[in-house]
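Have the coordinates open while reading this report. Each section takes one part of the fold.

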Amino acid sequence: MQQETELQQQARIRHEVEENLVQLFAIEDEALRTTITAARKAGLPAIQINPLQGKLLQVLAAACNAQKILEIGSLAGYSGIWLARALPPTGRLITLEVSPAHAEVVQRSFEQAGVADRAEVRVGSAHESLPQLVDEAPFDLVFIDADKPSYPHYLDWAIRLSRPGSIIVADNCIRAGQALSESALDDQGVAGLYQYNLQTLKHPRLRAIALAMDEDYTDGLNIAVVLPEA
Ligand SMILES: C[S@@+](CC[C@H](N)C(=O)[O-])C[C@H]1O[C@@H](n2cnc3c(N)ncnc32)[C@H](O)[C@@H]1O
């Protein structure tokens, strides 16, 4: 048998740790697994969050006593199910999705997961949907996971639709380090993510951190708490 290299050993250990963490803290039930299968069957890309990120969203929802959650970018409803399950029966999740085909899958996912009573998908570009949410604000938790160039714009709206103590989370804010420096700004997506990270650091009403959360430590979430006005 061939000897494992040091790099292979490190990768194997990371993989085993991730598996153990998921098994202990974030095990997927039938509804979550079915959502992923349904997404593949419908031809949607496999770009949903991972189970540990889903569980972290639930912990953050508990930390801010979330009654109302806003998500930008639904895909097939996988993260939406994690979020909706963090709400009390009277709670509300609104998730914004530009693709009508994706939104159909989301609606079915919410129904089969038993969260359709509290989770609603709104079809249309978030650029148009966000201004229509002013009367439904404040949201206790906002999760941003849509088109990357628009992240800075979505952050402005997230703050506007929040209250002191709300938590704003955005996915893909590391991108193998590219979203943490000026090294790849010719890519509009990376530029949007870098700008987003900077805005969360500079904004006087935010306290933020980015955490690598995937197995190979190359991508993860920006988590920002909305502070009271000075
Ligand atoms: C990364 S996927 C979301 C994954 C999902 N949050 C999950 O983890 O299960 C991004 C989604 O954002 C949607 N999207 C892209 N641009 C959008 C826009 N301007 N408004 C609303 N949704 C958009 C895409 O159609 C896609 O379904």
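The sections below go through the sheet, the helices, the core, the ligand shell and some backbone details.

## The sheet

This is a predicted model. Its 7 strands build an open sheet with mixed pairing, in the order 3-2-1-4-5-7-6. Strand 3 (119-123) and strand 6 (206-212) are the edges; each has a single partner strand, so one side of each lacks a neighbour in the sheet. From one strand to the next, the twist averages 15 degrees.

Strand 1 and strand 4 run parallel and are joined by 4 bridges. One bridge pairs isoleucine 69 with leucine 141 of strand 4. Strand 4 and strand 5 are also parallel, again with 4 bridges. Here valine 142 has isoleucine 168, in strand 5, as its bridge partner. Strand 6 and strand 7 pair in the antiparallel sense, over 7 bridges. Leucine 206 is bridged to valine 226 in strand 7.

## Helices against the sheet

Helix 3 (residues 51-63) packs on the sheet. It touches strand 1 (68-72), strand 4 (141-144), strand 5 (167-170) and strand 7. The direction of helix 3 makes about 165 degrees with that of strand 5.

Helix 5 (residues 100-112) lies across strand 2 and strand 3. Relative to strand 3, helix 5 runs at about 170 degrees.

## Nonpolar core

The largest nonpolar core holds 60 residues. Which of them touch the most other members? They are Leu57, Ile69, Leu83, Leu141, Val142, Ile144 and Ile168. Strand 4 is covered on both faces. Leu141 and Phe143 are buried on one side, Val142 and Ile144 on the other.

Leucine 83 shows contacts beyond its neighbours within four places in sequence. These are with Leu57, Ala61, Ile69, Glu71, Leu93 and Phe143.

## Leucine 221

Leucine 221 sits in strand 7 (residues 220-226). Is this residue buried or exposed? Leucine 221 has 25 C-beta neighbours inside 10 Å, so it counts as buried. The cut-off for buried is 20 or more.

Outside the four places on either side in sequence, leucine 221 is in contact with Gln53, Val169, Ala170, Asp171, Cys173, Ala210, Leu211 and Met213. Glutamate 4 is 217 residues away in sequence, and its C-alpha lies 32 Å from that of leucine 221.

## Helix 7 and helix 8

Two packed helices are described by the angle and the distance between their axes. The axes of helix 7 (residues 151-160) and helix 8 (residues 188-202) come within 8 Å and cross at roughly 35 degrees. Helix 7 contributes Tyr151, Pro152 and Leu155 to the contact. Helix 8 contributes Gly192, Leu193, Gln195, Tyr196, Gln199 and Thr200. The residues of this contact divide into 5 nonpolar, 4 polar and no charged.

Proline 152 belongs to helix 7. Proline 152 is partly exposed, because 17 other C-beta atoms lie within 10 Å. Setting aside residues up to four places away in sequence, proline 152 touches Gly192, Gln195, Tyr196 and Gln199. Its C-alpha is 8.6 Å from that of asparagine 197, which is 45 residues apart along the chain.

## Ligand shell

The ligand has 20 residues around it. Which come nearest? Gln48, Gly73, Leu75, Tyr78 and Ser79 do. By type, the shell divides into 9 nonpolar, 8 polar and 3 charged residues.

Three elements each supply at least two shell residues: helix 4 (78-84), strand 2 (92-97) and helix 6 (126-129).

## Backbone details

Most residues other than glycine have a negative phi, and most peptide bonds are trans. Some sites here depart from that pattern.

The bond joining alanine 137 and proline 138 is cis, with omega about 5 degrees. Proline 138 lies in the loop between helix 6 and strand 4.

Asparagine 172 has a positive phi, near 70 degrees. It is in the loop between strand 5 and helix 8. With 22 other C-beta atoms within 10 Å, asparagine 172 is buried. Arginine 175 has a positive phi, near 50 degrees. Arginine 175 is found in the loop between strand 5 and helix 8. It has 18 other C-beta atoms within 10 Å, so arginine 175 is partly exposed.

How values were computed. Residues numbered from 1 in each chain as written. Predicted model: local features only at pLDDT ≥ 70, side-chain atom pairs only at ≥ 80, totals over all residues. Core = buried A, V, L, I, M, F, W, Y, C linked by C-beta atoms within 7 Å. Buried ≥ 20, exposed ≤ 12 C-beta atoms within 10 Å, placed from the backbone. Contact = placed C-beta atoms within 7 Å. Near = placed C-beta within 6 Å. Nonpolar A, V, L, I, M, F, W, Y, C, P; charged D, E, K, R; others polar. Pairing = 2+ DSSP bridges. Axes fitted to C-alpha atoms, helices over the stretch in contact; angles between N-to-C directions.
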